[in-house]
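Reader: Hi! I'm new to this one, could you walk me through it?
Author: Happy to, let's put it on screen.
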Amino acid sequence: MLTITYEGENAADLGYLLHKFPYRPQEFQLNWGKAYVFYPEISERRATAALLLDMDPVGLARGRGRGGGAGLFDYVNDRPYVSSSFMSVAIAKVFGTAMSGRSESRQELADSLLELSASVAMLPCRGGREMLESVFGPLGYGVAIETFPADEMFPSWGGSGHVCLTLRGMVRLSDLLNHLYVLIPVFDSRKHYWVGEDEVAKLLRHGGQWLSEHPMKAFIAERYLKRSRPLVNMALERLAEANAADGEILPLGPEEASDFPERARSLNAARYGAVAAELKALSARKVVDLGCGAGGLLAFLVRDSQFSSLAGMDVSSDALERAEERLKLKDAGDFLRGRVKLFQGSLAYRDGRLEGYDAACVVEVIEHMDEPRLEAFAKSLLGHARPRAAIVTTPNREYNARFPGLDGGKLRHADHRFEWTRAEFRDWAETVAARFGYGARFSDIGEPDPAHGPPSQMAVFTLCG
Amino acid sequence: MRIEIPQLSVVALVGASGCGKSTFAGRHFLPTEVLSSDFFRGLISDDESDQKVTPQAFETLYYIANRRLDLGRLTVIDATNVQKDARAQVLKLARDQDCHAVAIVLDIPEKVCQARNAARSDRTVPASVVARHSDALRRSIRHLRKEGFRYVHVLKGQEEVDACEIVRAPLWNDKRELEGPFDVIGDVHGCYGELCALLAKLGYSVAPDAFDAVPPAGRTAVFLGDLCDRGPRNVAVLRLVMNMTRVGRALCVPGNHDVKLLRMLGGGAVKPTHGIDRTKAEFSAVDGEFAGEVEAFLRGLVSHYVLDGGRLVVSHAGLKEKYQGRGSPRVRNFCLYGETTGETDEFGLPVLLPWADEYRGGALVVYGHTPVLEPELVNNTICIDTGCVFGGKLTAFRYPERETVQVAAFSEHYPPVRPLKPPRVGSAAPDDLLRIEDVLGIRRISTRLRKVVKINAENSAAALEVMSRFAADPHWLIYLPPAMSPCETSQLPGFLEHPEEAFSYYASHGAEQCVCEEKHMGSRAVVVCSRDAGSAARRFGVGDGSSGIVHTRTGRHFFDDPADRDAILSRLRASLDASGFWERFSTDWVCLDCEIMPWSAKAQKLLEDRYAAVGRAGRTGLAAVGETIARAIETLSAAAPPDGASAPSLSPPPAPMLDLSGLLERFRAREDALESYVNAYRRYCWDVKGPEDYRIAPFHLLATEGRIWFSESHLWHMKTLGEFVAGRDPVFIATDHRMVDLKDRGSVSGAVKWWEDLTGSGGEGMVVKPLDFVPMKGSSLLQPAVKCRGREYLRIIYGPEYLLGNGMELLKKRSLSRKRGLALDEFALGIESLERFVRNEPLRSVHECVFGVLALESEPVDPRL
């Protein structure tokens, strides 16, 4: 539910601005339910209009095809109760004329800055209240927020993540509606429809001038376009064109920045570089990348002609599809397809397909396995596949001291089952090497810290004799 | 003329073009048994006489010949085979496939061949070629045997060809028709006293001085060879075994020591090592006639036997699957010595490849040769050489009973060459590294209950990821619980599920009684608890010192912190210790099917992110809406529109007038629904500060050492778990349940009332099970259980407002058939995996079923069912 309040003389003129007569509650049919407009308050100085959505939860879950939106249309769903992209669609449908800034009888009023406030009930708010301030503040609003416990019977469960947001400011009604139209889905971030190129057009149409000047425009565009990189770039370019003076480099929003820090990017490059250098030094020609993921390392190695035969194995068939795309294998010629092979497999199983390689790379993979299962991994790789050399890299836990927020024993990635200190890694590697007739040596990956060592560490196993 | 060929052999037809090979082949063999070079030329090039494609044609022909022989199918090579190098290919095929090569020569005069060729309309072979063939054939015939054909049959002239009759004879090692029962006896090595004692213990009437023994009715003794050397009475053992085999009371396969003795008796030079000196000394005192008999006996021994329809194989040193029922020098060597690497170990003994570790065959292989402390059961093979001559035991393996009977050595007759190794069993056996080909791709898993369960490749692929990345050590995963279907959708208004449907399902399928068990709302878990870490390592082959596991229905560790797991396991162990469970069930481990509460313990994140969030958004949001509508009603009734404000011209045209009071009423009802919904989930949540805050309700006693408990009724399970597990520790609770007599209306309505009370006061519902754990109607399996969930509980599943509006009508259109099919397949796999585990089958064989359940669970089915 959204309520809009106008304070001023002849407050009931709000009805003219919204094109909805105050004394006539109305009902509008939308694709997925109904919307109602009515006025809970009408006085000389103050009028409030309410836009209420009415969705049938069972119909919502049932009506959509299976698999649509991954749980978005599940039966136990907050959609019927929150302000989301459904609200944006309703605003556009019900208040379309007001949004465009036209008023047949009160155009002057529509063009004026008015004392308006808007309350958005139950806005799912990802990114915290500070983010609300920094997004709505620059648009000239005072921001008031009410938050709620998830369940008052279970205080330990924390807050529900919803807010009741009230904005207050001197603003044109059409601007207010456009702000809400764009920004409600930015905070909810679960659009109920597919985000494609026409979303960029919508963003520019409703964002236009105010968005191109907004300090958080990159964040807003990212969220509005559901973090689709190509779409975000397209939108930002066009916003920059709209605002020719703008030559600055756009900062990423804080959440995105922590998702993929620049530091991680360069560490990854260092890791690939170190692995490739080892493979070169080992004169390895046939190389298999175990846990190849989306094929990052393979794409790095494929450029070097020393590697006459490359293979990537991963446990996830989705990852392999991404790797196939990244390496452009599907429509490649016979030579490349013969040179690079991808297959599904698991480090916990013995696999004849892994035999006969000069070197196997296991780059940042073992920390994603439960520690007790490393036994099977060591047996299958060093005991059965027996490559001439195996390169294993894993994060150095000691280095976590250098990452903000990783104190107190937290691991770098939610899926890491363990992270090892240099001594722990060395201990494990030397033990399994001895067991299976390999030698092991160790080196750093990334710029080492004098006290904590390198960010990541590498062991190179070489077959004895 | 009647010729005999081995049932499994490679038959080369030899003869010039035009000699009538194909006609001959067509008369004596199945069309699919005959691989003709002409046919393959045609297959590849559409022209049977196109000589340019001969290499490709033969390559294809031999590929198919190999695949046929892999399966043990007799194969006829219909080519001229008159050239030596062409025959060399046939002989290589036979050697590679360890079967005999047979040559059948059609020796037809050249002029007959030429005339036939000339008369052919489809194609002709030049006369010079036919002449060349005939010439080559003439010069070949007498060399065929020497080249390596085990059997050569020359049919001279058309008359002999026409009169020929072919008989297929089983191989000597093929005694499939003997079904036993058998008493297979390990390496005797001259321990005559122990042998007589063992036979007596097996119920044979033994006459030691007459060197004879008579088995109990119907039984046959099988000696695994190595009758002689090292021990005190080698000749006596030979006499007894020869006497018994002569009259069919025993079978005997040769051991390496017997073959060495044969060489010695034939006058060959043998080194006097490994105890043959003792045998030799004894032979110096026996007469030459007996020595001749022994020599003939030993020479006549067949390398191994395939018995009981192919289900049992006996061989001295064991036998790989691909060699079973085959005949070649290579097979014989394997039977005598095993597969050696050529190296010797620190005791100077040959290093053997661990063939049993890799064994995948369906036949049980009973063998000896390698002395072990106790019989070693690995991958459907059992070694029963328990080193009697070295002071160990003499072991007999009773088949099909699969029992061992042993006699301790009377003394150490010979110092052990190397210390006897302790045996390894089942999942703890050495082949414990699972292989990718055992899980990936399309899988067909044989189960006792549902025949073959098929797993699709994409489901295997999905399960591989879950199994590899999230599941616990497969050694611990001996069972994953099956999906359970709800009862049919109720026709009663306001009810999606109702007990009547569950009862009528079972009643209509012939069940007379059901057990209703309270359905606890928590998380399904499987608990495997060993008495201690040592027994866990021995029985399950785990190497991390754990003594049990609590895992979810997808094989993940239930507890993130191993300390919580250990705390729960030690509490359970204390209860089992106190109740005398271990003694009563003669076991040192147990596998239980349980529900662990509270739900919030496992579903905390789901509760916070989803259930509580929806409750909050709904309650606060709808309350605000109600208030706003109420204010609007007040505003409207208080004030008439001011003058001049009436009906302004608006575009778009006015929408329909809205009834605010009706709207308010509806939103208030929605608000109430949200309140009920929140109350529904709250009942299943409480804070867990330590292990004592969990509640664990075991409801199936799945398995203990040596047996599964599916043959017992659900009532037995309830009673037994109540007696041995629940009640001693507040953490372990019993499950409320009641019997229903489906023929008695009163009993049924009593159960309905029970369900109504249970669900009315917030319970999830109940599970209805037929009394039999494995319910069958005829030969088909019924649903082993159906659930029947309460109206309030279902808000958590179908949303807070599912009882409002016309939602229910939509929800009643749900299809259970896919879910029910899965439930049966998963149930069959679950039972199968436990049966395999208690039978000490290897890890891969148990894992196959567990993996199968996980794979089926990736099948998209409505998760609300």
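Author: What follows is a short tour by question and answer.

Reader: Thanks! What should I know before we start?
Author: This is a predicted model, in which local features need pLDDT of at least 70, side-chain atom pairs count only at pLDDT 80 or more, and totals for chains, interfaces and linings use all residues. Residues are numbered from 1 along each chain as its sequence is written, while chains are lettered from A and ligands numbered from 1 in the order in which they are written.

Reader: Okay, how many helices and strands does chain A have?
Author: Chain A has 17 helices and 14 strands. Helices (H or I, at least four residues) and strands (E, at least two) are DSSP runs, numbered from the N terminus.

Reader: And what box do the C-alpha atoms of chain A fill?
Author: Along the principal axes, that box is roughly 95 × 50 × 50 Å. The radius of gyration of chain A is 29 Å, whereas a compact globule of 465 residues would be near 23 Å. That radius is taken over C-alpha atoms, and the globule rule is 2.2 Å times the number of residues to the power 0.38.

Reader: Now the contact of the two chains: how many residues does each chain give?
Author: Chain A gives 63 residues and chain B gives 63 residues. Two residues are in contact if their C-beta atoms, placed from the backbone, lie within 7 Å.

Reader: Which element gives the most on the side of chain A?
Author: That is β3(A), with six residues. Elements giving two or more residues include β3 (33-42), β4 (46-55) and α16 (374-385) of chain A. By class, this side of chain A has 34 nonpolar, 17 polar and 12 charged residues. Here Ala, Val, Leu, Ile, Met, Phe, Trp, Tyr, Cys and Pro count as nonpolar, Asp, Glu, Lys and Arg as charged, and the others, Gly among them, as polar.

Reader: You mentioned α16. What comes after it?
Author: A:Arg386 is found in the loop between α16 and β12 (389-395) of chain A. A:Arg386 is not a glycine, yet has a positive phi of about 45 degrees. Most residues other than glycine have a negative phi, and most peptide bonds are trans.

Reader: Where are the cis peptide bonds in chain B, then?
Author: One runs from B:Gly180 to B:Pro181, with omega near 0 degrees, and B:Pro181 is in the loop between β8 (174-175) and β9 (182-185) of chain B. Another joins B:Met597 and B:Pro598, with omega about 5 degrees.

Reader: Switching to helices: how do α2 and α3 of chain B cross?
Author: The axes of α2 (residues 37-45) and α3 (residues 54-70) of chain B come within 8 Å and cross at roughly 110 degrees. So α2(B) is roughly perpendicular to α3(B). Axes are lines fitted to C-alpha atoms, for helices over the stretch in contact, and angles run from 0 to 180 degrees between N-to-C directions. Angles under 35 degrees count as roughly parallel, over 145 as roughly antiparallel, 65 to 115 as roughly perpendicular and the rest as oblique.

Reader: Which residues make that contact?
Author: Among them are B:Phe40 and B:Ile44 of α2(B), with B:Phe58 and B:Leu61 of α3(B). The residues of this contact divide into five nonpolar, four polar and one charged.
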